[in-house]
Amino acid sequence: MDLEAYRRDGLVVAPRRVPAAQLVLMRAALERLLARSAGIAPESLICPHIADGARHPPHDAAEWLEFATAPWLLDLVGQVLGPDVILWGSQVFCKPAFTGREVPWHQDGEYWPIRPLATCSAWIALDDVDADNGCMRYIPGSHAAGRLVAHREAARPDRVLAMEAAAECFDAATARDDALAAGQLSLHHVFLIHGSGPNRSPRRRAGFVVRYMPATSRFERYPGERQSQAGVSFSLARRPIWLVRGRDRAGNDFLTGQGEDFGLAPRVSDEEG
């Protein structure tokens with residue numbers, strides 16, 4: 001993988017693709033998820049890898065968890081984050097044809113309770129994604145300062161997120177498209193400024209985004225804290241997380257949210273001593 005490009009630009013397209021057989025399974029899992037999620041914004045299908053009632057039955061959640069912890073994928077993520085890796089979140093972003101919502105310019109870290117703030121997101125294309133159907137766009141090098149820029153309230157019914165990076169903090173004219181064929185994936189940095197336009201094309205745009213953090217950081221849990229996205233409310237305080245490679249170095253809590261709450265047993269890395 002071109003780690004120099006990742007360090008320079010904050011995003012790199014991975015040299016590997018999802019194996020063809022796995023992509024077939026992921027697309028089938030996507031169709032089941034969409035069928036069970038009527039009335040929920042398809043751009044905000046939060047954490048399908050966590051079992052949660054009828055929408056995320058245990059078998060299907062386990063399948064998404066298997067996708068997120070594929071050894072070849074963790075190998076790629078480990079090149080960026082190091083040997084100790086925690087899976088802490090995922091999301092299906094599915095922009096329907098003609099009506100898919102815009103994602104305003106933002107940095108992921110604006111929303112996340114991780115200290116020190118350090119994560120990598122794997123954006124896995126389940127459909128062909130390009131400028132016409134609202135692929136992700138990013139500002140190369142906007143992560144380099146290693147800090148969050150000012151964000152402002154920018155909620156609108158046609159947008160997925162409620163906060164937007166202040167326009168004076170970056171040059172939108174430098175934006176690049178993260179165009180991917182189905183099965184391709186890119187990795188991007190927590191401080192990268194990125195967003196995406198609406199989908200006004202006749203083609204759907206679906207992707208599975210998996211969030212990883214180094215186990216040298218801590219996933220903070222603030223009791224009662226909730227977030228919302230496109231009308232979908234969720235709790236980070238109760239979210240289960242998994243150590244998927246190496247050892248925990250920061251005293252993370254891997255028990256909260258596990259077991260009876262979500263129908264999944266705790267999972268620790270095989271390398272954990």
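This is a short tour of a predicted model, one selection at a time.

**Stop 1: the whole chain**

Start zoomed out, with everything shown as a cartoon. You should find four helices and 17 strands in the chain. Along its principal axes, the C-alpha trace spans about 50 × 40 × 40 Å. Is that what a compact globule would give? Let's put it another way: what radius of gyration does the chain have? The chain has 17 Å, which agrees with the value near 19 Å for a compact globule of 273 residues.

Now switch on the surface. About 11300 Å² of the chain is exposed, and carbon and sulfur atoms supply 53% of that. As for the inside, 55% of the 273 residues count as buried. If you look at contacts with a separation of 6 or more, 81% are between residues 24 or more positions apart.

**Stop 2: strand S12**

Select residues 193-196, which make up strand S12. Show the side chains and turn the view: Ile193 and Gly195 point one way, while His194 and Ser196 point the other. That fits a general pattern: in a regular strand, side chains alternate between the two faces of the sheet. Here, are these four residues buried or exposed? All of them are buried.

Next, add the neighbours. Select residues 103-107, strand S4, which runs antiparallel to S12 and is joined to it by three bridges. Click on Gln107 and look across to its bridge partner in S12, Ile193. Then select residues 136-138, strand S7; S7 and S12 are also antiparallel, with three bridges between them. In this pairing, Met136 stands opposite Ser196.

**Stop 3: the nonpolar cores**

Which members of the largest nonpolar core touch the most other members? Select Trp64, Ile124, Leu126, Leu185, Leu187, Phe208 and Tyr212: those are the ones, out of 61 residues in this core. In general, nonpolar side chains in soluble globular proteins tend to be buried together.

Stay on Trp64 for a moment. Beyond its neighbours within four places in sequence, Trp64 is in contact with Met26, Ala29, Leu30, Leu33, Pro48, His49, Val92, Leu126 and Phe208. There is also a second, separate core of eleven residues, with Phe93, Ala125, Met136 and Tyr138 among them. You have already met Met136, opposite Ser196.

**Stop 4: helix H4**

Finally, select residues 71-81, helix H4. Colour Trp72, Leu73, Leu74, Leu76, Val77 and Leu81, which are buried. Just after the helix comes Gly82, with a positive phi of about 105°.

Conventions: Residues are numbered from 1 along each chain as its sequence is written. This is a predicted model: local features need pLDDT of at least 70, side-chain atom pairs count only at pLDDT 80 or more; totals for chains, interfaces and linings use all residues. Side-chain values use heavy atoms; hydrogens and water are left out. Buried means under 20% relative accessible area, exposed over 50%, partly exposed in between (1.4 Å probe, protein chains only). Helices (H or I, at least four residues) and strands (E, at least two) are DSSP runs, numbered from the N terminus. Two strands pair if DSSP finds at least two bridges between them. A nonpolar core is a set of buried Ala, Val, Leu, Ile, Met, Phe, Trp, Tyr and Cys residues joined through side-chain atoms within 4.5 Å. Contact means heavy atoms within 4.5 Å. The radius of gyration is taken over C-alpha atoms; the globule rule is 2.2 Å times the number of residues to the power 0.38. Accessible areas come from the Shrake-Rupley method with a 1.4 Å probe; for residues, only the protein chains shown count as cover.
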